[in-house]
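User: I'd like to see how the labels people put on a protein model follow from the numbers. Can you take me through this one?

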Amino acid sequence: MAALPLSHLFNTRKITEDLWVRGNPITGKNRLSAAASAVILAMLTTPAEAAPPPLDAYGNLPEVEQMSLSQSGQMLAIVATTSGERKVIVTDAENRAKLVAKIGDAKFRGMDWAGDDFVVLYTSTTTRLEEGFTTDRTEAWGGTILPANGGPIQRIFSGSSQVVDAIKGRYGLRKVDGEWAGFFAGYKLLRNNGNIHNRLDQHDAVLASTRPFLFKVTLADNKARQVAQSAREDHWRGWLVDETGNVKAYLDYSDLDYSWELFGEGNRSLAKGKVPHGDGKGVGGIGLVAFGPDGKSVIYAADDEERTAHWYEVSLVGGPPKEFLPKEGVNRFYTDPRTGRYVGYRSTDSGELHFVNPAWQKTITKIEKAFPNLNVSFEDWTPDFKTVLVRTDGNKDSGTWYVVDLADHRAAAVGYERPPITPDQVGAISTVEYKAADGLEMDGVLTLPPGKDPRNLPVILLPHGGPHAYDKPEFDWWAQAFASRGYAVFQPNFRGSTNRGQAFIDAGYNQWGRKMQTDISDGLAELARRGIVDPKRACIVGGSYGGYAALAGVTLQQGLYRCAVSVAGVSDLKMMYAADNAAAGYSESNWLELKRFLGDPSTYSDYSPRRHAAEADAPILLIHGKDDTRVDPKQSEVMADALKDAAKPYEFVVLDGEDHFLSRSATRNQMLSATMAFVQKYNPAE
């Protein structure tokens with residue numbers, strides 16, 4: 001396969017330019033304390049303007065999208081928009097731009113540092129596949145090597161005619177024999193073997209296997225060398241690579257009989273079993289997590305018979321596995337990106353971060369106290385944890401980045417995500433607890449319009465996607481956009497959300513259009529009971545699963561909402577079930593999980609908004625990205641046809657070049673403008 005050209009994505013030059021970076025990350029003078037944080041925020045505060053910020057202040061991608069620290073802590077890599085152009089910028093300790101790479105509207109998915117030498121940038125592209133694949137489109141990931149100190153910019157695998165120019169998995173950046181290398185899964189190519197069903201392009205290139213191999217890519221010259229075999233067909237494999245670049249463990253899972261086995265070096269079997277399946281509860285999960293804290297063990301995750309996740313640790317030299325953190329709910333594991341070792345976790349129940357290193361634990365406690373009443377996330381740190389990159393957001397903070405120097409007890413604000421939105425223009429954010437009709441306890445996030453009396457407000461119900469996800473009290477650009485126009489916004493964490501443990505997640509299975517739906521309207525009723533909102537002035541808006549909930553709110557339910565907006569939403573469950581099964585190659589494990597997720601297929605029409613279009617009791621706006629590979633745009637097309645046939649009021653907006661995630665500013669703003677105009681037409685705030 002020919003390498004993808006980079007000329008349309010990157011133009012590089014070494015310059016020093018006036019960055020939006022405010023304050024030197026190494027020499028900032030702000031003391032690390034709560035008082036200092038207050039001073040910083042006070043400095044940022046300006047009197048609120050009479051008019052709210054323009055909609056694109058919310059719809060644009062943040063001016064600072066991501067930052068990452070080099071290993072020494074002396075350099076920053078930043079994805080940002082400056083002077084109207086989107087770029088990756090590498091700065092040194094004096095805030096000088098060592099490298100600037102223009103990325104335009106590329107779909108940014110993340111970046112990593114390799115020491116102080118290279119930044120690896122990850123992006124994705126919607127790609128059409130040839131005949132023989134289980135789906136006609138996919139979101140293909142790619143990696144680009146940016147030399148921080150000069151040198152050619154190269155796309156990973158572009159230098160090899162034997163590997164597809166796309167990444168199928170990331171397994172770490174490691175310094176091996178004095179040079180930096182990345183470990184990536186990719187598809188191996190063969191030439192002229194006549195296997196027409198695995199054909200990739202028109203140049204006689206075919207896949208050696210439909211399963212990826214593991215490659216070592218030296219970042220200096222972009223040379224790829226295979227270091228591990230792919231799994232067998234109908235099997236899946238993941239690897240763990242240690243700090244020396246050796247593959248120390250791998251896990252194989254069989255799609256045929258649900259068996260799995262964990263291997264160490266020399267193909268030594270360390271653990272094995274079967275994931276739970278059948279019994280109407282779907283298929284359980286299994287996967288590698290990290291090396292243990294000392295690098296001498298492996299941590300893996302496996303579901304029990306109730307599909308509750310447990311973590312286990314087993315020695316690399318063998319022995320019985322032991323349960324890891326047996327009494328803790330884990331929201332997220334943290335690993336050292338340079339070694340792959342476990343360093344800590346965030347609790348599902350308390351939300352607290354727990355590090356293995358006691359000194360690190362004391363440090364994060366101090367940092368969190370320095371930013372009271374804000375969401376604090378630890379984005380990156382140096383190996384000695386002396387320099388930490390922190391992001392905050394929440395009330396009066398639309399997103400701020402800080403570099404914290406622990407050695408000198410200094411913190412400096414180095415980036416602002418949405419400068420056009422002043423602190424006083426951020427709508428107040430809080431959590432509202434309530435009970436569903438059946439007594440199940442839940443909560444949601446309430447965002448209030450700035451400067452408005454919080455009584456009898458018009459309201460937007462904004463259920464999240466997933467549905468296995470959750471909303472927390474943070475700055476949400478979509479919610480804040482509605483709040484800026486005078487609406488209260490409620491984001492309910494209905495059953496099936498991931499903020500209250502496994503039992504709460506399980507309560508959402510087989511409840512699409514049923515209790516998951518009434519959980520949302522129960523939240524509306526609670527806000528009305530408190531006098532905060534006027535229930536007669538409500539609309540429901542959402543994306544993905546939230547789009548399904550918006551459609552269900554005016555078709556499966558009636559008399560609740562003045563309008564509904566579905567962005568990339570599902571309208572037909574039977575159609576989704578069929579498409580997801582086809583994309584998974586009709587594997588038994590996939591359709592078992594889908595049946596658990598959605599319920600008995602014979603009921604799908606009963607809970608599909610498309611099938612109830614004639615019962616729609618409010619105008620509907622449908623919006624869908626043309627390049628969506630997660631929810632087929634046909635889901636909105638067939639809903640539009642059904643509404644048209646039923647003579648129901650609707651509008652349909654197609655976002656050209658957009659995927660499922662609203663990854664580009666132009667199409668995100670198109671969505672936001674259309675949504676706001678529709679809501680203001682049918683549910684005016686004044």
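Analyst: Sure, let's start with contacts, meaning heavy atoms within 4.5 Å. Among contacts in this protein between residues at least 6 apart in sequence, 59% join residues at least 24 apart. This is a predicted model, where local features need pLDDT of at least 70 and side-chain atom pairs count only at pLDDT 80 or more, while totals for chains, interfaces and linings use all residues. Residues are numbered from 1 along each chain as its sequence is written, and side-chain values use heavy atoms, with hydrogens and water left out.

User: What makes Cys539 and Cys563 a disulfide?

Analyst: The term asks for a pair of cysteine sulfur atoms within 2.5 Å. Here S to S is 2.1 Å, so the pair fits the definition. The structure holds 1 disulfide.

User: Why is the disulfide of Cys539 and Cys563 called right-handed?

Analyst: The torsion about its S-S bond is about 115 degrees, and that's why it gets the name.

User: Which parts does the pair tie together?

Analyst: Cys539 lies in strand β36 (residues 533-543), and Cys563 is in the loop between α7 (545-555) and β37 (564-567), so the parts tied together are 24 residues apart in sequence. Helices (H or I, at least four residues) and strands (E, at least two) are DSSP runs, numbered from the N terminus. The protein has 11 helices and 39 strands.

User: How do you know whether Cys539 is buried or exposed?

Analyst: Buried means under 20% relative accessible area, exposed over 50%, and partly exposed in between (1.4 Å probe, protein chains only). Cys539 has 0%, so it's buried. Cys563 is also at 0% and therefore counts as buried. Across the protein, buried residues make up 55% of the 686 residues.

User: Why is the aromatic pair of Tyr334 and Trp381 called tilted?

Analyst: Rings of Phe, Tyr and Trp (its six-membered ring) pair if their centres lie within 6.5 Å; planes under 30 degrees apart are stacked, over 60 edge-to-face, and the rest tilted. Tyr334 and Trp381 are 6.3 Å centre to centre with 45 degrees between the planes, hence a tilted pair. Tyr334 is in strand β25 (residues 330-335) and Trp381 in strand β28 (residues 374-381), 47 residues apart. Both are buried, and they belong to one aromatic cluster with Phe355, Trp360 and Phe385.

User: What makes the charged end of Arg211 count as sitting over the ring of Trp236?

Analyst: The rule wants NZ of Lys or CZ of Arg within 6 Å of the ring centre and within 35 degrees of the ring normal. Arg211 sits over the Trp236 ring, 3.8 Å from its centre.
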